[in-house]
Amino acid sequence: MEWDRQKGTEGIGPALAEPRERGERWTLAICAGAILLFVGLSFAVISGLLDHRFYGGEPVAQPLVTALLINAALVIFGWRRHRAVRVEMHGRSAAEERARLLASRDPLTGFLNRRSLSEAGAALLRSATKRDQAVALLIVDLDHFKMVNDMHGHAAGDSVLRSVALEIAGAMPPAALTARFGGDAFACAFVFDARDPSVVERIANRVITALSQPMFVDDLRIHLSCSIGIARSDFDGGGIDTLLRSADIAMYSAKKSGRGDFTWFDRAMEHALIDRNDIESGLRLAIPAGQVVPYFEPQVDLATGRLCGFEVLARWTHPTQGPIPPDRFIPVAEEAGLIGDLSLSIMRQAFAAARDWDPGITLSVNISPWQLRDAWLAQKIIKTTVECGFAPNRLEIEITESALFDNLPLAQSIVGSLKNQGVRLSLDDFGTGYSSLAHLRALPFDRIKIDKSFVLSLLDNADSAAIVHAIIGLGESLNLPITAEGVETDAIAERLAALGCAKAQGWAYSRPLTVADTRRMLAARGLLHSGGSADADTTDVTNRRRAG
Ligand code: C2E
Ligand code: CA
Ligand code: CA
């Protein structure tokens, strides 16, 4: 819209101006001709009159007088027409100027818009380069601004944006360019001495501090924060558009590393972005093609050594980058809105694989916090279990504490529906986040999982040992069994068993296995339905592992 309007005024302006100028030139030429004619005729009439009066010459001819009168009328008419055209032209060029101004400005804040920042920024770059100086380009993006609009309405959102613009303008040096790109993204460009980039950081900090003060809008007290990406022309090169792109990449990096701060652009960020986009486009093809597959990591009862279930872990081999760990592709799937499909695809494959496994064997699947924003999640999971003939009471879902922050009532309702169907719930990675008792009580958990970072160092780090002790004690007092992950050695397994930990998983038992390897393992233990005996699930995987 904005772009069309700009283009419109630019395109029509010069085309209209030309005929108008031509019209004005014509009226002026006619006027001038008429005046010359008038002077000539007046001279003829006056000299005729004088000749008649004083020297008895012929009276002035009637047609000459008539011609003079017509000529006088023509001069008056021409002059008035010329003035009218001039007034009209003046009005039009003022309107054009106004339109041009509107087209180059953001109507809400009066800041430049993207296109005019590109133009003015290019000029700023040229003059800075001539004077051997550098241009800093800042992209300022408000954090969680959508919530302001959602909670207080768009009118309040607009008022906040106007106040933000004032704060940004106040924090900038006098000759800085300031622009808004629609939404809650602002850009600022200014010249600085390349030998002293701390000036730029001071200005970025001024913006961050100004925007972190509570803002009072329509009787509302609004708290904001912002993330800033900075690019500099002497390092990051290219024209203004390259600088804008670099600052944008840096801004996303600032958001990723916790928001509320600034980040300078560097080349590694660009490569990371290219890799990330590559992963995203790869996932878009791989998920529907069933190329993201489940692996199964055995979970063992520590007291009896019995195999009781598996944690389902996603695995993906990228066509050009090779195997990519889930810690890299899961966050991309989350950001790209693909995690729901990925998760259901993994579950479908895992449930289908487990169809003829011993019914005592459970599956634990990881559910991302993003999935708990989907009001239909419980229905989708139950539908998948029904379609695959997998009993919901064999399913456990693992969620982390961070899943409880976003929309707790929705998470509670999803978990409630799942638990009604017999699905169990574990709190994953306990100890790494807030580890709060309130969070443990917010949802009806059936189990706590201690994060592998503490388990791995249980025997050689006193802090880890203290945390593991505390979590096992907490589980006992809340009557919640504990699973320890990351059990790599027998010694750790023995210590955990002595402490009263219920289950364990880790490389001491097995690395995550493919569907085929899991089947082979289960077949060897008589845990496949077709060949399994009723008490075959008492197989001691610990002993088998020791045996080979
Ligand atoms: P997590 O849920 O904490 O999963 C346990 C991770 O610890 C797995 O890494 C597993 O391979 C690893 N692990 C298990 N035992 C040991 C051990 O003895 N030593 C060591 N060093 N590591 C061990 P993985 O498979 O790379 O998964 C990483 C994370 O990716 C998972 O952490 C989970 O948060 C996420 N993830 C994996 N699959 C899925 C999935 O299907 N959906 C979602 N939402 N997240 C998934
Ligand atoms: Ca997990
Ligand atoms: Ca974990």
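**Reading ring pairs and a calcium site**

User: Are Phe351 and Phe390 buried or exposed?

Analyst: Both Phe351 and Phe390 are buried (buried: under 20% relative accessible area, exposed: over 50%, partly exposed in between; 1.4 Å probe, protein chains only). The model is predicted, with local features needing pLDDT of at least 70 and side-chain atom pairs pLDDT 80 or more, while totals for chains, interfaces and linings use all residues. Residues count from 1 along each chain as written, chains are lettered from A and ligands numbered from 1 in written order, and side-chain values use heavy atoms, without hydrogens or water.

User: How many aromatic pairs does the structure hold?

Analyst: Two values describe a ring pair: centre distance and plane angle. Six aromatic pairs are present (Phe, Tyr or six-membered Trp rings, centres within 6.5 Å; planes under 30 degrees stacked, over 60 edge-to-face, the rest tilted). Trp316 and Phe329 have ring centres 5.8 Å apart and planes at 85°, so they are edge-to-face. Trp316 and Phe329 are both buried. Phe351 and Phe390 have centres 4.5 Å apart and planes at 10°, so that pair is stacked.

User: Which residues form one aromatic cluster?

Analyst: Phe296, Phe310 and Trp357 do.

User: Which protein donors hold the calcium ion (ligand 3)?

Analyst: Donors are N, O and S atoms within 2.8 Å of the metal (3.2 Å for Na, K and Ca); water is absent, so sites may look incomplete. Here they come from Asp429 (OD), Asp451 (OD) and Glu485 (OE, twice), 2.0 to 3.0 Å from the ion. Their sequence spacing is D-x21-D-x33-E. Asp451 is buried at 10% relative accessibility, and Glu485 is buried at 8%. The calcium ion (ligand 2) lies 5.0 Å from the calcium ion (ligand 3).
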